[in-house]
Amino acid sequence: MEGTIGIILYIVVLGALLYFMAIRPQKKEKQRQQELMNSLAVGDTILTTSGFYGVIIDMTDEDVIVEFGSNKNCRIPMQKAAIVRVEKPEA
C-alpha cells in the first residue's frame with residue numbers, strides 16, 4: 001500500500017513539473033504571439049523571423065505587405081506568422 005501511494009505521488013509530481021516547465025510557458029508564448037498579431041496596423045515597423053526590418057503598408061487576415069528599406073519598389077507579401085517584433089510609429 002505504501003509503495004502504491006509513493007508511485008502515485010511520484011506521477012503527480014512529474015505531471016505538475018511537466019505542466020510548469022513545458023505546457024504553461026508554451027501557452028504564454030502563444031498568447032503573446034496572438035496579442036502581437038492583433039496589434040498590427042498599417043505603418044508599424046516590424047522585424048521578421050529572417051532578420052529583415054520593414055514597414056507594413058497593407059494587411060489582410062493572414063498576410064501583410066511589407067516595404068523594405070528606403071526603396072519604395074521593394075514590397076513583399078508575407079505571412080503574419082513571420083513577424084517577431086512590432087514597433088509602433090512615434091505619435
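This is a short chat about a predicted protein model, its sheet, its core and a few of its residues.

Me: What kind of model is this, and what rules go with it?
Reply: It's a predicted model, where local features need pLDDT of at least 70, side-chain atom pairs count only at pLDDT 80 or more, and totals for chains, interfaces and linings use all residues. Residues are numbered from 1 along each chain as its sequence is written, and side-chain values use heavy atoms, with hydrogens and water left out.

Me: What's the average pLDDT of the protein?
Reply: The average is 89, and 99% of the residues score at least 70. pLDDT is the predictor's confidence in each residue, from 0 to 100.

Me: And where is confidence lowest, and where highest?
Reply: It's lowest in helix H1 (residues 2–38), with a mean of 90, and highest in S1, at 94. Those labels are DSSP runs numbered from the N terminus: helices are H or I with at least four residues, and strands are E with at least two.

Me: OK, the sheet. What's the strand order?
Reply: The order is S4-S3-S2-S1-S5, in an open sheet of five strands with antiparallel pairing. The edges are S4 (75–79) and S5 (83–87), each pairing on one side only. From one strand to the next, the twist averages 40°, using lines fitted to C-alpha atoms as axes and angles from 0 to 180 degrees between N-to-C directions.

Me: What counts as a pair of strands?
Reply: DSSP has to find at least two bridges between them. In general, strands of a sheet pair through backbone hydrogen bonds, either parallel or antiparallel.

Me: How many bridges join S1 to S5?
Reply: Four, and the two strands run antiparallel. Thr45 stands opposite Glu87 there. On S1's pairing with S2, residues 45–48 and 53–59 are joined over three bridges, also antiparallel. Leu47 has Tyr53 as its bridge partner, and Ile46 is opposite Gly54.

Me: Which residue in the S1 and S2 hairpin takes a positive phi?
Reply: Gly51, near 95°, in a hairpin with four residues between the strands. In the hairpin of S3 and S4, with six residues between the strands, Gly69 takes a positive phi near 70°. The hairpin joining S2 to S3 goes through three residues.

Me: Thr60 is in that last loop, between S2 and S3. Is it buried or exposed?
Reply: Thr60 is partly exposed, at 46% relative accessibility. Buried means under 20% relative accessible area, exposed over 50%, and partly exposed in between, with a 1.4 Å probe and protein chains only. Thr60 and Lys80 are 20 residues apart in sequence, and their C-alpha atoms are 9.2 Å apart in space.

Me: Switching to Glu67. Which strand is it in?
Reply: Glu67 lies in S3, residues 63–68. Val55 stands opposite Glu67 on the S2 side, and Arg75 is its bridge partner in S4. S2 and S3 are joined by five bridges, and S3 and S4 also pair over five bridges.

Me: Why does Glu67 count as buried?
Reply: Because its relative accessible area is 9%. Its side chain has a polar contact of 3.0 Å with the side chain of Arg75. A polar contact is a pair of N or O atoms within 3.5 Å; within protein, one must be able to donate a hydrogen and the other to accept it, and residues adjacent in sequence count only if both atoms are side-chain atoms.

Me: What about Arg85 over in S5? Which side chain does it make a polar contact with?
Reply: The side chain of Tyr53, at 3.1 Å. Arg85 is partly exposed, at 39% relative accessibility. Beyond residues up to four places away in sequence, Arg85 touches Leu36, Thr45, Ile46, Leu47 and Tyr53, where contact means heavy atoms within 4.5 Å.

Me: Last one: how many residues are in the largest nonpolar core?
Reply: It has 12 residues, including Leu36, Ile46, Phe68 and Val86. A nonpolar core is a set of buried Ala, Val, Leu, Ile, Met, Phe, Trp, Tyr and Cys residues joined through side-chain atoms within 4.5 Å. H1, S3 and S5 each give two or more residues, and S3 gives the most, with three.
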